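Hello,

Here is the structure for you to look through. My notes on it follow below.

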There are 2 protein chains.
Amino acid sequence: MSEHLSGGLTLGAFQRMILQLYGRKDAARGDAATFLWFAEEVGELATALRTGTPDELAMEMADVLAWLVTLANVRGVDLEAAVLRKYGGACPGCRQLPCACDPSEKP
Amino acid sequence: MSEHLSGGLTLGAFQRMILQLYGRKDAARGDAATFLWFAEEVGELATALRTGTPDELAMEMADVLAWLVTLANVRGVDLEAAVLRKYGGACPGCRQLPCACDPSEKP
């Protein structure tokens, strides 16, 4: 897994890292059951936002990302390509950089 | 934003991209209100998992990641460092690669 050690960890490399670690079990579990694990981590993130230490908060965010990437693996989504397509240019709402959307509007 | 164009998009570069796009509004909104937007996207992801097209699913995953990164910006978390620390070696549960944890156990 040396591909991420120079120049930072790409999203694609992280997705492959999680595939290598958990891919076999993830495929057997399927998307609905994987979403339950993801949702549980989202709940733990809420707790950490309220009462966690900075370290606990960082680890809960890491877990949420790991389970999101797991869902992407199970459903065959290239998450790096997806975020580049949606956010790689300017704001997908107003097409400006920085975003000039009304704060009450998405995104 | 050319830093992500060669060799893939690093998590750090994506976090900076979202900061550049939305950082001012995000800081004014704060973490609790940002979590509401994040949670709304999690709900939309559930819908896309059930009934979305492959493209809709990919875009909802991109949105969830964008709001997670937004939370990281608001709370000053380096998400790339966090996932490397937790998942950069082997499974944080069993310390093996691939993971050999019992499927009923985390992670």
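In this predicted model, the buried residues of α4(B) pack against helices from both chains: α1 (11-29) and α3 (54-75) of chain A, and α1 (11-29) and α3 (54-75) of chain B. The helix itself spans residues 79-87 of chain B, and its buried residues are Leu79(B), Glu80(B), Ala82(B), Val83(B) and Tyr87(B). Why do they lie on the same side of α4(B)? Seen around the axis, they cover an arc of only 160°, which puts them on that one side.

The N-terminal end of α4(B) is capped by Asp78(B). A side-chain oxygen of Asp78(B) sits 3.2 Å from the backbone nitrogen of Glu80(B), and Glu80(B) is also among the buried residues of the helix.

On the arrangement of the chains: chain A superposes on chain B after a rotation of 180° with 0.0 Å of shift along the axis, at an RMSD of 0.0 Å. This is the relation of a two-fold axis. Which residue of chain A comes closest to the rotation axis? That is Thr10(A), with its C-alpha at 1.8 Å.

The interface fits into this picture as follows. Of the interface residues of chain A, 100% are also interface residues in chain B, so the copies meet through the same surface.

As for confidence, the average pLDDT of chain A is 92, and 93% of the residues score at least 70. For the complex, the predictor gives an ipTM of 0.93 and a pTM of 0.93.

Regards

How values were computed. Residues are numbered from 1 along each chain as its sequence is written. Chains are lettered from A and ligands numbered from 1 in the order in which they are written. This is a predicted model: local features need pLDDT of at least 70, side-chain atom pairs count only at pLDDT 80 or more; totals for chains, interfaces and linings use all residues. Side-chain values use heavy atoms; hydrogens and water are left out. Buried means under 20% relative accessible area, exposed over 50%, partly exposed in between (1.4 Å probe, protein chains only). Helices (H or I, at least four residues) and strands (E, at least two) are DSSP runs, numbered from the N terminus. The arc is that of the directions from the helix axis to the C-beta atoms. Contact means heavy atoms within 4.5 Å. A polar contact is a pair of N or O atoms within 3.5 Å; within protein, one must be able to donate a hydrogen and the other to accept it, and residues adjacent in sequence count only if both atoms are side-chain atoms. Copies are superposed by least squares on the C-alpha atoms of residues with pLDDT of at least 70 in both. pLDDT is the predictor's confidence in each residue, from 0 to 100.
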